[in-house]
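Trainee: I should like to work through this model with you, beginning with the packing of one helix. May we have it in view?

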2 protein chains.
Amino acid sequence: MSGVRAAPRGRIDKRQAILDAAFRVFARQGYANACVQEIAAEAGVAKPTVYNHLDSKERLFREAMAAAAASATARNLAAVDRLRAPGDDLRPALQEVARRLLDCYVDERSRALWRLLNAELAAFPDLLDVVWGEGTSRVTEALADRLARLALAGRLTIADPARAAEQFSGLLMGPVDSRSRLGTRQVPEVELDELAAAAVETFLAAFGPAAA
Amino acid sequence: MSGVRAAPRGRIDKRQAILDAAFRVFARQGYANACVQEIAAEAGVAKPTVYNHLDSKERLFREAMAAAAASATARNLAAVDRLRAPGDDLRPALQEVARRLLDCYVDERSRALWRLLNAELAAFPDLLDVVWGEGTSRVTEALADRLARLALAGRLTIADPARAAEQFSGLLMGPVDSRSRLGTRQVPEVELDELAAAAVETFLAAFGPAAA
DNA sequence: ATGTGATTGAACTTATCAGTTCAGTTGGGC
DNA sequence: GCCCAACTGAACTGATAAGTTCAATCACAT
């Protein structure tokens, strides 16, 4: 009775191919400019097959966005998780987290997700809950949680962990947006390393164990 | 022979009304979903009149974006200019700049400009030069320039002013994006004050006169 | 008053695209 | 070897909107 589609035994699951293709096409053209025909072609499938799996362009968009958001969030959380085992020196651990977060952020799919969210926020307000509420804000919370624990252990000096986490993100995102010109320019690996190091430098000056 | 339209003496200039209306409608609906009919209605004008002033929807969009970008940039630059007369204590000066930049950033038109830029970047790559190149990046440069002078005067300790400026922006934009949930939520004045103060706190810890 | 150029509303052309229909094909499970 | 469900291609409907046309109107300058 649940609307769950029976596993398509025998044939490969085209649903995933369709959602992947949909995200690529939406990322390339935006929601309104993308046409289902092209998504079908990109997935190597006929148009009625698309409608067989997902019953409207809107659904197609929502599901593609949700999938992309879930994968981006998982990667971000994995990066933050590095702080579970900080080691004896905090700086390299923070730098590694920073570096991994930058990798997430400059990722092509992730940028596209961000662009599409901004673009369609007015038309699909509920995307905010899916992409932001279950994505970005969870990552910030996880980071704040890690920072709070480090503060409790006396290894950082943080009055407001949530704000510290937001600032940590800002120290990464601001400069990388600038260097990549909103993601339209490839940023060399070495520059990302520098960005991460500089962000951690500033962060530790403010929140390091010897901070004001 | 120059395509310059003679000043419409006697009648009010409808061109400006059309561009204003266009920006409002584009901001509300996005480029693809906005229709020229509606822009005309919003400007209190007939559709052929729109085409009499601006010969295509594309032009309409470009000019509306350019105008919005110019006004946003001017306001940002004015905020940064506050650092020309820093006074004897740097902290309140920086806080005032931070606070004004936050005001620019949470401004409705400014957010819309940003959203539209992100949204249509693929379709209108040249907007990057207009909005980013002559907007955001100029503001960052101006800020970097001010910071560099303060460093020369021994009032800050900054090795790379460009990066310091990017980080200053990041310390503001990151938290405010978070607090406003991408601009979908009104941030109370007092919270903006706190955000500005916290950003300056962190900034001065890293780049204050007594910094590492 | 009158001429001129901008403005208006309404209808029209053309193009694109979401979503559907259908007759025919395919390919794995039995 | 046959069945059945998924898949295919192609054609179709209906809606929406860009851009144009045109005859009628308006408001200022002289």
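Mentor: Please begin; bear in mind that this is a predicted model.

Trainee: Against which helices do the buried residues of α6(B) pack?

Mentor: The buried positions of this helix include B:Leu113, B:Trp114 and B:Leu117. Across the chain boundary, the buried residues of α6(B) pack against α6 (108-120) of chain A. Within chain B, their partners are α1 (14-29), α4 (57-81), α5 (90-106) and α7 (127-152).

Trainee: Why does the end-to-end distance of helix α6 of chain B agree with the expected span?

Mentor: The helix runs over residues 108-120, which is 13 residues. At 1.5 Å a residue, the expected span is therefore 18 Å. The distance between its end C-alpha atoms agrees, at 18 Å.

Trainee: Which residues touch the most other members of the largest nonpolar core?

Mentor: In soluble globular proteins, nonpolar side chains tend to be buried together. Here the largest nonpolar core holds 129 residues. Those touching the most other members are A:Ala22, A:Leu113, A:Leu172, B:Ala22, B:Leu113 and B:Leu172.

Trainee: With which residues is B:Leu172 in contact, leaving aside its neighbours within four places in sequence?

Mentor: B:Leu172 is among the core residues just named. Beyond those sequence neighbours, its contacts are B:Ala98, B:Leu101, B:Leu102, B:Tyr105, B:Leu195 and B:Ala199.

Trainee: How much of the span of residues 35-54 of chain A is helix?

Mentor: An unreviewed UniProt entry annotates these residues as "DNA-binding region". The end C-alpha atoms of the span lie 14 Å apart. Strand accounts for 0% of the span, and helix for 75%.

Definitions and conventions: Residues numbered from 1 in each chain as written. Chains lettered and ligands numbered in written order. Predicted model: local features only at pLDDT ≥ 70, side-chain atom pairs only at ≥ 80, totals over all residues. UniProt positions renumbered as here; feature names shortened; annotations may be inferred. Helix = DSSP H or I, 4+ residues; strand = E, 2+ residues; numbered from the N terminus. Expected span 1.5 Å × (residues − 1). Buried ≥ 20, exposed ≤ 12 C-beta atoms within 10 Å, placed from the backbone. Contact = placed C-beta atoms within 7 Å. Core = buried A, V, L, I, M, F, W, Y, C linked by C-beta atoms within 7 Å.
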